[in-house]
Every structure is written in structure tokens, then in C-alpha cells.
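This report is an introduction for a reader who has not looked at this structure before. Please keep the sequence and the 3D view open while reading.

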Amino acid sequence: MANLPGEREDKMPPIWPRKYRSIQLRDKVKPGELGILWLGQGGFAFKTSENKVVIVDPLLSFSASKDGMTYIHSHFPVDPNNIKVDYVFCTHMHGDHTDEETLTSLWQANPEANFYGPLESYDCFQRIGIPRNRASVLSLDSIVNLDGIRVQSVYAECTSKEKITHYGYLFEFGPFRIYVTGDTKVGLEGYLNKIKWTVVKKPDALIVCINRGFSNLGPEDAARLVSLVSPEIVIPMHYDCFVENTIDPAEFVNKLSPALCSRVVFMKYGEYISIKAKAARHVPNRAP
Ligand SMILES: [Zn+2]
């Protein structure tokens, strides 16, 4: 098709051929351990020793190219059409967290899976045909108990001008308590009181947004949150996905308190690790 006047071909974002890496989630997780796979951006998959797979905020399609975003990686860690998942959680209805194309693939490959999210994400679940008995809308501080896994939707501050419900999630996989911040607005002072009950629960691991793009939690506030939560391990996220919206994680490291006892685990895009209960020391500590 001919370009429209003023459009230039070299301005178009590249759309990579679709490629996937191996699915390490097929491996068994030993008792007392939890598998964690970074799907990129804010997306993570957790696998328990009981073979339950929970995914949060999967972006496994090139949908964001249509919005002018340029993907850094030309492949995805897993194929959403060929992955076993039991529960999917979305934090909010932005394309990099509630992606119709990815959710459609996951749903079609896993008709027994259950999907959870705030109202706007729930509307998306309905749009793509997930039946009502497989999709749930969560209100703030909802608690769901799933085969020994407990999940609570916790406060996150909307990052966009348009009012969209944002949540973080507090996951409890047996002995592992993991706080995923989701996207949450920079300027913790304005809403710290709303996340204090999440903070006092002393999560073992904090998966935190460190990228200030689009008014998100930047390195300064992320480092402050780490000090407040004081988890055993910290996994920075929401970078290394889009050329237009990324950050050097060293910026985050530079803001961390020297007195911090937490161990920072920089996962590579698509990397899989397993952690042991109460033992962040079992996780390799890497520089960015
Ligand atoms: Zn985001």
C-alpha cells in the first residue's frame, strides 16, 4: 500500500517475525522452591512445585508496534499458544499489561484457565470471548484463594491522565510472599498511605517498576519502596522491552541505600530462576 502524504517508511516501527525461545516452565519445580520467569516488561510467570502456573501481565505479541513502540527483542520467551497456564492476572488496562492478542492465545490454549483483573481488564476478557465463569473482576483488596495460592489486589496509583484502575498484586505461593507493584505513578508521597498495608506484610520478594517513562515509578521512588519493604530479594522490571521506554538499571542501583540488606536480582529478558523459601542467598546476585 502506498504511503500516505507525510508518512515515511523509515519511521515505521519494525515488526519482527514471530519467534519463541524454549519453554523452561515445562521443567519440574522442586518442593520448597518457586520458579520465576521474566516474560519481559511487567510480565512474569510463577511456577509452583505443585505444577501450578500463574502469569501476571503477559505481553507476548507485537501489538504495541501499532502504537508506534519499537520492540528491543525480536523474540518472546514463551509461545502463548503453547504454554500451560492456570491463572492469569492483569494489573490494569494498558496495552503492555492487558494485551488482547496475548490473552486470546493464552485463553485458546488453556480453556480451563481463569483470568483476573480490574474492571477494564475484565471488559477485555469479555471482549475476546473468555466465558464469565473463567473471568473475574477484582475490586481493591480482593483476596482470591486458588489451590493453595493466595492473591490480593493491592493499591497502585493510576499512571495515565485517563482514569484507569491500577493494581499491584501480593502473591502468596506457600512460604513465598511476592509483591508485584504493577505500574504505579511516580511520587510515592501522594499515596504511600494507600500501600502501607502491603508494605507491612513484609513481602519476601519485591518485583518493582524502575522505569519513569509515562509517569511510572522511577529509580528514586523504586529505591525508596525497596527500603520501606526491605524484602529479601528485589527484581527490577518494566524496562528492556521498548526502545522508546526503557532505562539503564544502573540508575536504580545508584539510588539504593548502601545500608540495604536486600539482594537485587537483575533477571535477563526471558530468564528463568528458581528461589528457595527464606533463602534469597540461593539466587545468583548479578550486576546489570
Ligand atoms: Zn506498563
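The text below goes through confidence, the strands and helices, the core, and two loop residues.

**Confidence**

The model is predicted. Its pLDDT averages 90 over the protein, and 90% of the residues score at least 70. In residues 1-10 the pLDDT is below 50, and this stretch has 1 contact beyond near neighbours in sequence. Residues 280-288 also have a pLDDT below 50, but here there are 17 contacts beyond near neighbours in sequence. Where pLDDT is low, the predicted coordinates should not be read in detail.

**Strands β4, β5 and β6**

Strand β4 (residues 87-89) pairs with strand β5 (residues 114-117) in the parallel sense, over 3 bridges. Within this pair, Phe 89 stands opposite Tyr 116 of β5. Between the two strands the chain passes through helix α1 (residues 100-109), in a β-α-β crossover that is right-handed.

Strand β5 is also joined by 3 bridges to strand β6 (residues 135-137), and these two run parallel. Here Gly 117 stands opposite Val 137 of β6. The chain goes from β5 to β6 by way of helix α2 (residues 119-127), and this β-α-β crossover is right-handed.

**The sheet of 7 strands**

An open sheet of 7 strands follows the order β7-β8-β9-β10-β11-β12-β13, and its pairing is mixed. The strands β7 (143-146) and β13 (263-264) are at the edges with a single partner strand each, so one side of each has no neighbour in the sheet. Inside the order, β11 and β12 pair in the parallel sense over 5 bridges, with Ile 207 opposite Ile 235 in β12.

Two helices are described against this sheet, as the table shows.

| Helix | Strands involved | Direction |
|---|---|---|
| α3 | touches β8 (149-155), β9 (167-173) and β10 | about 165° with β8 |
| α4 | lies across β10, β11 and β12 | about 165° to β11 |

**Helix α4 and the core**

Which residues of helix α4 (residues 219-229) are buried? They are Pro 219, Asp 221, Ala 222, Ala 223, Leu 225, Val 226 and Val 229. An α-helix has 3.6 residues a turn, so residues three or four places apart point the same way. The cover over the buried residues of α4 includes β10 (176-180), α3 (192-199), β11 (205-209), β12 (233-237) and α5 (249-255). Just after α4, Ser 230 has a positive phi of about 50°.

Ala 222 is also a member of the largest nonpolar core, which has 77 residues. The members that touch the most others there are Phe 44, Phe 89, Tyr 169, Phe 171, Ile 207, Val 208 and Ala 222. Leaving aside residues up to four places away in sequence, Val 208 touches Thr 181, Leu 217, Ala 222, Leu 225, Val 226, Val 234, Pro 236 and Met 237.

**Two loop residues**

Asn 51 sits in the loop between β2 (43-47) and β3 (53-56). Its phi is near 70°, a positive value in a residue other than glycine. Is Asn 51 buried or exposed? Asn 51 counts as exposed because it has 12 C-beta neighbours inside 10 Å.

Asp 147 lies in the loop between β7 and β8. The phi of Asp 147 is near 50°, which is positive in a residue other than glycine. Asp 147 is exposed, with 11 other C-beta atoms within 10 Å.

Notes: Residues numbered from 1 in each chain as written. Predicted model: local features only at pLDDT ≥ 70, side-chain atom pairs only at ≥ 80, totals over all residues. Pairing = 2+ DSSP bridges. Helix = DSSP H or I, 4+ residues; strand = E, 2+ residues; numbered from the N terminus. Right-handed = clockwise from strand over helix to strand, strands pointing away. Buried ≥ 20, exposed ≤ 12 C-beta atoms within 10 Å, placed from the backbone. Contact = placed C-beta atoms within 7 Å. Axes fitted to C-alpha atoms, helices over the stretch in contact; angles between N-to-C directions. Core = buried A, V, L, I, M, F, W, Y, C linked by C-beta atoms within 7 Å. pLDDT = per-residue confidence, 0-100.
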